[in-house]
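Thanks for coming, everyone. Please have a look at the protein on the screen, and then I'll walk you through it.

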Amino acid sequence: MTQAVMTIIVILAILLSLHIFIIVWLLWQQRNGNKSEVQDDHAYLVVYASQSGHAESWAKHTTEQLQLIHQQVTLKNIQKLTATDLIQYQRILWVVSTYGEGDAPDDAQHFVHKILSQPLDLSHLSFAILALGDKRYTNFCQFGQSIEQWLLQQKAQPLFSTVLVDQLNSRDLEQWLTALEQLTAMRLTALDNERETIELKFAHRQCLNVGSAGEPIYKIQLVAEQELVWSSGDILEIQCENSATEIQQFLVAHQQDDFNDIDALKTLNLRQLPNREHHSFAAWLEHFDRLPKREYSIASLPENGLIELVVRQQQTETGLGLGSGWLTAGLQHNQPIQAYIRDNPSFRLQHHPQPLILIGNGTGIAGLVAHLKQREQWGYGQNWLIFGERQRQFDHLYHAEIQYWQQHGFLQHVDYAFSRDQAEKIYVQDILKQQSTRLKQWIKQGAAVYVCGSLNGMAGGVDQVLKEILGDELVEQLKHELRYQRDVY
């Protein structure tokens, strides 16, 4: 081989080596640059775990507020959170709800089983948690507190104390905004200031289960002067109020039956009525806590021209429940109601002709009926309803509508579980077992499963039977593909 050829070979080898070195260097720069970007001390990752949409709304609001003050922020559903995210980011804000008796939301199941169960070195990480919950349930804000305990075990450092929120209490939520303001040294805005209140008027109520051994269930119809837009599966948040009778009794009890301050009386409509007086009466009213809101599935579509709810009366130690008592007994004809229509992404119906399996009990019929109305409007007829209540004679809710859908080809199958109509009680999960062959066939054909109604008993029982029949892996796949959705309470 000549000297010239050898020289050419050496030059080519050097050029090839340089080329490889440049490619490796560029890849390293790109990777290192991305890593530096997400590890910026001022970058935030906002993670949310939401069942009914509240945590997602507050996570989005937190993200928008931080972006307005020029913070670098990324928003992520906990379902898509990875261990790599936890390692790369230095600041993570968690906005998470607790579902039922201390459970994680459906979209957090992957995180619980795959990440929360493993040890990680998170000594570089700072975090804060906004935990949403309800003190009426056991293990208040348990999921948020479980995340906090796990992060501390992994050596992560809190930016400030975890904020526990009871039923979206405004004072609790103010703590979150105040803590963020102190952290960023910037003024932030409360979410409620951006929400659009609508005024509805009470039009009609009807007891749907006269003679039932259970608590009365009412169909409540509300109307609005303005045109409203919502989707099947969405939620109506009612601002609870005191009835005129309750206010009058309160005034008499405090020797204020001649009290005529109009603005103060309007305040009393929306405030909790305590038992003892601390200041002059008019000044005392200003210190009353605002009454909470109550949520109800909407059973109608905008095309129906009204908002329809299905409400079961709740009995408490002091009488009827706050929301159910007001809607089923306290409201007078044409009395105005303050409310919000809220998206419910975890129960959103897909505009797709895939088969639909609707499962529920009790007042959960509201969400199922709304979806059936929507499917009828879209012209999708491959629907299967499984519904449970006490007795067919008294508790056959919406039987006329269900019969109509059957006769007109919008319900291929209807299975009832009237638990008290036979010696051995039967529930909707028992129907699933009996119809396991059909269930497998429908799932194989691409069916989606929507569950609405009681969290305790029904929802857990259905989930367990689905896993027994289909297997854990397939059920998780259905959740990931949004083919298994729940609105349970």
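Let's start with a term: contact means heavy atoms within 4.5 Å. Now the ground rules. This is a predicted model, where local features need pLDDT of at least 70 and side-chain atom pairs count only at pLDDT 80 or more, while totals for chains, interfaces and linings use all residues. Residues are numbered from 1 along each chain as its sequence is written, and side-chain values use heavy atoms, with hydrogens and water left out.

First, one residue. Which residues does S97 contact, leaving aside its neighbours within four places in sequence? They are A49, S50, Q51, A55, D103, P105, L132 and F143. S97 sits in strand β3. Helices here are DSSP runs of H or I with at least four residues, strands are runs of E with at least two, and both are numbered from the N terminus. Is S97 buried or exposed? Buried, at a relative accessible area of 11%. The cut-offs: buried is under 20% relative accessible area, exposed is over 50%, and partly exposed lies in between, using a 1.4 Å probe and protein chains only.

Now the strand around it. β3 covers residues 91-97, and 6 of these 7 residues are buried, so the strand is largely enclosed by the rest of the structure. Two strands pair if DSSP finds at least two bridges between them. β3 pairs with β1 (residues 43-49) in the parallel sense, over 5 bridges. There, A49 has V96 as its bridge partner. β3 also pairs with β4 (residues 126-133), again parallel, over 7 bridges. In that pair, W94 is matched with I129. Add helix α4 (residues 109-114), and β3, α4 and β4 make a right-handed β-α-β unit. Right-handed means this: with the strands pointing away from the viewer, the path from the first strand over the helix to the second runs clockwise.

Next, the whole protein. There are 17 helices and 19 strands. Of the 489 residues, 48% are buried. Take contacts between residues at least 6 apart in sequence: 76% of them join residues at least 24 apart. One mostly covered helix is α10 (residues 322-330), with 7 of its 9 residues buried. W326 and L327 are among them.

On to another sheet. It is open, with 5 strands in the order β17-β16-β15-β18-β19, and the pairing is parallel. β17 (413-418) and β19 (484-488) stand at the edges with a single partner strand each, so one side of each has no neighbour in the sheet. Inside, β15 (residues 356-361) and β18 (residues 448-453) are joined by 5 bridges. L356 stands opposite A448.

Last, helix packing. Two packed helices are described by the angle between their axes and the distance between the axes. Axes are lines fitted to C-alpha atoms, for helices over the stretch in contact, and angles run from 0 to 180 degrees between N-to-C directions. Under 35 degrees counts as roughly parallel, over 145 as roughly antiparallel, 65 to 115 as roughly perpendicular, and the rest as oblique.

α16 (residues 455-470) and α17 (residues 472-480) pack at about 120°, with axes 7 Å apart. That makes α16 oblique to α17. The axes of α15 (residues 436-444) and α16 cross at roughly 80° and come within 11 Å. These two are therefore roughly perpendicular. In that second contact, S436, L439, K440 and I443 of α15 meet L466, I469 and L470 of α16. That's the tour.
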